[in-house]
Amino acid sequence: MSLIDLANPTRFLALTARLLPWLALATVVLLAAGLYLSALAPDDYQQGATVKIMFIHVPNAWLSMFVWGVMSIASLGTLVWRHPLADVAAKSAAPIGASFTFLALLTGSLWGRPMWGTYWEWDARLTSVLILFLMYLGLMALWRAVEDPTRAARAAAVLTLVGAINLPIIKFSVDWWNTLHQPASVMRMGGPALDKSFLIPLLVMAIGFSFLFVTLHVAAMRNEILRRRVRSLQMLQARAYATSAPAGDASGQVVGAA
């Protein structure tokens, strides 16, 4: 089945109804394996047991940026290709991305307290991630504030693409400015600098959280499509009632209300 076929919401709902249970099962298995391997990982010789916060913090930090990247591609689909599911994909991903970003900030603060002696510092990486979180909230507010779905989708798509400028700032903030964060130790030239005892649990957790995002995103897209269908049916019923009702009924209601 091609992407063009999936542009049909009915086919998308039918396909994802079969896929969703398997995605949920894979997510549970991967996260359980990741948590088990994380528990078996040794303590760091400098950070002690607090290093294990990394297995939650880093996947959430990666996904906070990845989800915005997905939304940016979906925004192009809305503005350029007018894909019928593009707006649904972007809108459904925003609350999930906001949750990942919040968890990244929260676990980062909990990790930073014993390491840096503070929960928060206006560090370039921390500040740019906080801006990302605020942008997620802004997008969600925009979708709620604009009543016309088409106008809301276009405005949100433009804002998402503008906000994508923040992604390279987050990624390279540790290289461009002096920050409390260390340079990249996994995705870097020359291969990961982490020992295998930390790297393997981290990668398993990252894959598990990625499956969690896909599962939640597919479920949220299905809910959004069904919600829009219900709204369309309600509008059709309201129009049918308005056209079929005698004119005297409306005037009678106005008089009664007065």
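**Exercise 1. The nonpolar core**

Task: In this predicted model, find how many residues the largest nonpolar core has and which of them have the most contacts inside it.

Solution: Begin with the core itself, which holds 46 residues, and in which Met54, Trp68 and Met71 are the residues with the most contacts. Next, ask which elements build it: helix H2 (9-40), H3, H4, H5, helix H6 (149-163), H7 and H8 each give two or more residues to this core. Among the contributors, H4 gives the most, with ten residues. Finally, take Trp68 as an example and leave aside its neighbours within four places in sequence; Trp68 is then in contact with Leu132, Met135, Tyr136, Leu139, Leu159, Thr160, Gly163, Ala164 and Leu167.

**Exercise 2. Phe100 and its surroundings**

Task: Decide whether Phe100 is buried or exposed, and list its contacts beyond the neighbours within four places in sequence.

Solution: First place the residue, since Phe100 lies in helix H4. Its relative accessible area is 4%, and because buried means under 20%, Phe100 counts as buried. With neighbours within four places in sequence left aside, the residues in contact with Phe100 are Asn60, Leu63, Ser64, Val67, Phe209, Leu212 and Phe213. Gln47, which is 53 residues away from Phe100 in sequence, lies 24 Å from Phe100 in space, taken from C-alpha to C-alpha.

**Exercise 3. Pro149 and Arg82**

Task: Classify Pro149 by its accessibility, do the same for Arg82, and say what is notable about the phi of Arg82.

Solution: Pro149 is placed in helix H6, and with a relative accessible area of 42% it is partly exposed, because this value falls between the limits of 20% and 50%. Although Pro149 and Asp87 are 62 residues apart in sequence, their C-alpha atoms are 9.3 Å apart in space. Turning to the second residue, Arg82 sits in the loop between H3 and H4 and counts as exposed at 57% relative accessibility, because exposed means over 50%. The backbone of Arg82 has a positive phi of about 50 degrees, even though Arg82 is not a glycine.

**Exercise 4. The pocket and the cavity**

Task: State the volume of the largest pocket, name the residues that lie nearest its centre, and then find which residues line the largest cavity.

Solution: The largest pocket has a volume of about 1,200 Å³. Its lining is made of 38 residues, with Val58, Arg125, His181, Gln182 and Ser185 lying nearest the centre. Sorted by class, this lining has 25 nonpolar, eight polar and five charged residues. Helix H3 (54-81), helix H4 (86-116), helix H5 (124-145), helix H7 (166-176) and helix H8 (196-244) each supply at least two residues of the pocket lining.

For the cavity, a search of the whole structure finds one of 30 Å³ or more, and the largest cavity has a volume of about 40 Å³. The largest cavity is lined by Ser75, Thr78, Asp87, Ala90, Trp143, Ala153, Ala156, Ala157 and Thr160, and H6 gives the most to this lining, with four residues. By class, the cavity lining comprises five nonpolar, three polar and one charged residues.

**Exercise 5. Annotated spans**

Task: Compute how much of residues 155-178 is helix, and do so for residues 61-81 as well.

Solution: Both spans carry the annotation "transmembrane region" in an unreviewed UniProt entry. Residues 155-178 are 83% helix and 0% strand, with end C-alpha atoms 35 Å apart, whereas residues 61-81 are 100% helix and 0% strand, with end C-alpha atoms 30 Å apart.

Conventions
Residues are numbered from 1 along each chain as its sequence is written. This is a predicted model: local features need pLDDT of at least 70, side-chain atom pairs count only at pLDDT 80 or more; totals for chains, interfaces and linings use all residues. Side-chain values use heavy atoms; hydrogens and water are left out. On a 1 Å grid over the protein atoms alone, a cavity is a set of points where a 1.4 Å probe fits but cannot get out, and a pocket is an open set with protein on both sides within 12 Å along at least five of seven lines; lining residues have an atom within 4 Å of a point. Grid points are joined across faces, edges and corners, and a volume is the space filled by probe spheres set on the points. Ala, Val, Leu, Ile, Met, Phe, Trp, Tyr, Cys and Pro count as nonpolar, Asp, Glu, Lys and Arg as charged, and the others, Gly among them, as polar. A nonpolar core is a set of buried Ala, Val, Leu, Ile, Met, Phe, Trp, Tyr and Cys residues joined through side-chain atoms within 4.5 Å. Buried means under 20% relative accessible area, exposed over 50%, partly exposed in between (1.4 Å probe, protein chains only). Contact means heavy atoms within 4.5 Å. UniProt positions are given in the numbering used here, feature names are shortened, and annotations may be inferred rather than shown by experiment.
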